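User: Please take a close look at one part of this model, the packing around a single helix pair, and set it in the context of the whole chain.

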Amino acid sequence: MDHLNVKHRTKGLKWLATPLVDHNHHEEHEMHSHGHGSGHHSSDESTPALKPNQEGYAALPEFHRHEEATNIELFFDLFFVANLAGFSNVHEINDKGSLTSYIGFFCVLWFTWCQVSLFDVRFVADSVMERLAKAIHLGVMVGLAVVGPGFDPGDQKRYVFRTMSLILMISRLTLACQYLLVMWHVRKFRNTKMPFLLIAGSNVLAAIIYLGVTFAFKTDGNKTSVAYRSFYVIAIFELVVNIAVSSRWKVVSFKGTHLTQRMSLLTLIIIGEGVIVTCKTISKLVTYHDAWNAETVGCVIASVMIIYFLYMLYFDALPPHHFGSIRQQFWAYLHFPLHLALVLFLVGVSQFFIWNKITQAKEDVIARFNELTMSGEFSNTLDTNDYQTMAAWLRDLIFNKLLDKKKGYKPKDSIVLVDLDHELTILQQGWMDDGKNTTNSGEWVMDQVNDMAQKVIKSVFKTYGFEAPEKKGNAATNHADGKTVDTDQAFSDMITLVFTYFFVAAGATLILLGVLDILTLPRHHFTKSIWRNIGIVVSTAAYFVIGIALMALSSLADTDAGDNWGATPWILVVPAFAIIIVVVMRYMMMPGSKTVDH
């Protein structure tokens with residue numbers, strides 16, 4: 001045993017390793033294992049994807065197959081999720097422009113990960129050259145993390161888009177070299193060069209386009225270029241090439257690979273990112289005033305239910321068997337819209353969680369101001385123009401009760417405290433009648449009070465991390481009501497957007513899970529006899545019916561019913577129960593139904 005351990009530790013890493021199975025070494029290893037009575041198999045034990053003893057397969061190379069993801073693949077996944085988490089932290093979705101840029105960057109990031117993973121699941125072989133290539137891919141991920149925060153097609157920064165184009169070019173050139181290296185390993189086999197040349201050629205062509213696109217971004221600011229759309233077109237082009245080539249040539253087929261596990265692991269990571277975001281939201285909210293109440297507990301339970309039952313729906317449907325190379329590829333590529341929908345859905349969960357707490361805080365602020373200004377004592381000071389007393393009461397309410405770090409809502413920005421102190425000083429000095437005023441003293445005082453209340457509310461919004469985008473070209477006005485309308489409208493537009501993409505993403509998630517479930521059904525179920533199995537029909541229909549119903553709820557955005565609903569925990573409870581219904585329908589046995597053998 002010690003001898004084997006020393007041999008393992010002193011084993012050198014080859015400069016260039018072949019992805020092909022060495023039958024002589026494999027047989028020697030088998031004899032050695034049986035001779036020592038070992039019943040365990042290596043995690044990278046060869047599982048031939050192409051069986052040499054079958055007719056038509058004899059002239060094809062046999063590649064190493066891994067039953068599970070390798071350590072370097074898992075390490076690469078960590079860079080993906082760190083990239084996504086970092087981008088999400090600095091890129092708040094608060095208007096249509098930020099939503100489209102979020103989707104655009106996710107597209108670039110996901111397909112870059114996908115292209116690398118498609119190579120790894122088929123041809124990875126540990127060597128110095130392979131590790132060098134992986135180091136370049138990890139560097140690509142780091143580069144995307146650097147330029148990601150500045151990715152905004154609506155407000156382009158030249159250096160950001162140029163750098164991103166060059167980073168993607170390096171990624172595709174590295175992949176082309178990797179495929180050409182595999183082609184060199186199989187050079188002695190007939191009819192194997194063409195598929196590798198086609199895939200490598202598509203990578204080289206993509207790299208050339210990326211290089212050309214670099215020069216299309218010439219200016220910063222409002223003069224935007226549409227050249228960034230080539231990022232998405234190239235991703236689709238590479239996808240089509242991979243599907244076509246792997247379907248035509250068995251040497252690059254995904255049969256026998258762990259492609260299913262790679263996609264499921266990334267799904268688990270994305271769901272895990274949703275768990276992290278939810279927990280961060282909870283930890284942030286509970287540090288503020290009156291953190292725990294019935295509504296907050298309801299939001300926590302609904303959020304956890306959504307994540308847990310989505311996990312059940314996806315992972316319980318994973319097939320333990322191979323379900324066709326072409327179907328497997330479509331199943332894998334459909335994970336892009338699924339992952340995008342999942343990310344937006346879970347971001348929406350945290351946003352509505354925060355919005356519910358903000359609504360409670362806003363109502364609390366308004367109630368406290370109303371309690372003070374509608375009291376008899378305040379009316380008396382208003383009638384007697386006792387500005388000193390009014391300012392003292394408001395100062396106590398704002399600084400000692402509402403914005404106090406221990407008793408109330410600690411402001412994120414100290415500038416608001418300076419502004420409020422300045423307004424209280426003006427109020428304390430009193431209303432001056434210079435003959436030009438359009439309001440009397442009472443109206444002037446209430447305008448000052450309303451303006452301070454709105455500033456406190458805006459501070460609460462920022463405290464909870466809910467900031468509306470700065471609108472360009474808004475007409476400035478000196479009237480307090482004008483400012484209030486602009487601020488309220490900005491937050492209203494923001495929550496309307498969240499409402500829309502939340503329910504669209506929720507419905508799309510269920511529909512896509514239903515499609516994936518259908519693709520993993522055994523082939524014999526794709527016949528007329530499937531209609532005799534009520535269980536399959538009902539459970540499949542549940543995905544689509546409830547998914548469409550959730551998407552239809554997005555039509556309530558920017559309506560009174562939607563606004564009232566969005567301010568309650570039911571905005572999260574309803575999707576949670578909808579997902580539970582799908583889970584129940586999937587596992588419930590109908591009369592006359594048969595168990596589906598995945």
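**A loop, a helix pair and the core**

Analyst: Trp249 sits in the loop between helix H8 (230–248) and H9. The model is predicted. In sequence, Trp249 and Pro195 are 54 residues apart; in space, their C-alpha atoms are 6.6 Å apart. Beyond its neighbours within four places in sequence, Trp249 is in contact with Asn191, Met194, Pro195 and Leu198.

Now the wider frame. The protein chain has 20 helices and 0 strands. It has 598 residues, and 49% of them count as buried. Of the contacts in the protein chain with a separation of 6 or more, 82% are between residues 24 or more positions apart.

Next, the helix pair. Two packed helices are described by the angle between their axes and the distance between the axes. For helix H14 (residues 387–402) and helix H16 (residues 441–463), the axes come within 12 Å and cross at roughly 10 degrees. Angles under 35 degrees count as roughly parallel, so H14 is roughly parallel to H16.

Which residues meet? From H14 come Tyr387, Met390, Leu394, Ile398 and Leu402. They meet Ser441, Trp444, Val445, Val449, Met452 and Val456 in H16. By residue class, this contact of H14 with H16 holds 10 nonpolar, 1 polar and no charged.

Phe369 touches residues from both sides of this pair. Leaving aside neighbours within four places in sequence, Phe369 is in contact with Leu394, Leu397, Ile398 and Leu402, and also with Val449, Met452, Ala453 and Val456.

That leads to the core. The largest nonpolar core has 139 residues, and Phe231 and Phe369 touch the most other members. Helix H12 (residues 335–373) supplies the largest share of this core, 19 residues. Apart from it lies another core, of 18 residues. Its members include Tyr179, Phe196, Val245 and Val251.

H12 also has a partner in helix H3 (residues 71–90). The buried residues of H3 pack against H12, and against helix H4 (96–123), helix H5 (128–147) and helix H9 (259–285) as well. Those buried residues are Glu73, Phe76, Asp77, Phe80, Val81, Asn83, Leu84, Ala85 and Phe87. The length of H3 can be checked too. It has 20 residues, so at 1.5 Å a residue it should span 28 Å; its end C-alpha atoms are 29 Å apart, which agrees.

Technical notes: Residues are numbered from 1 along each chain as its sequence is written. This is a predicted model: local features need pLDDT of at least 70, side-chain atom pairs count only at pLDDT 80 or more; totals for chains, interfaces and linings use all residues. Side-chain values use heavy atoms; hydrogens and water are left out. A nonpolar core is a set of buried Ala, Val, Leu, Ile, Met, Phe, Trp, Tyr and Cys residues joined through side-chain atoms within 4.5 Å. Buried means under 20% relative accessible area, exposed over 50%, partly exposed in between (1.4 Å probe, protein chains only). Helices (H or I, at least four residues) and strands (E, at least two) are DSSP runs, numbered from the N terminus. Contact means heavy atoms within 4.5 Å. The expected span of a helix is 1.5 Å times one less than its number of residues. Axes are lines fitted to C-alpha atoms, for helices over the stretch in contact, and angles run from 0 to 180 degrees between N-to-C directions. Angles under 35 degrees count as roughly parallel, over 145 as roughly antiparallel, 65 to 115 as roughly perpendicular and the rest as oblique. Ala, Val, Leu, Ile, Met, Phe, Trp, Tyr, Cys and Pro count as nonpolar, Asp, Glu, Lys and Arg as charged, and the others, Gly among them, as polar.
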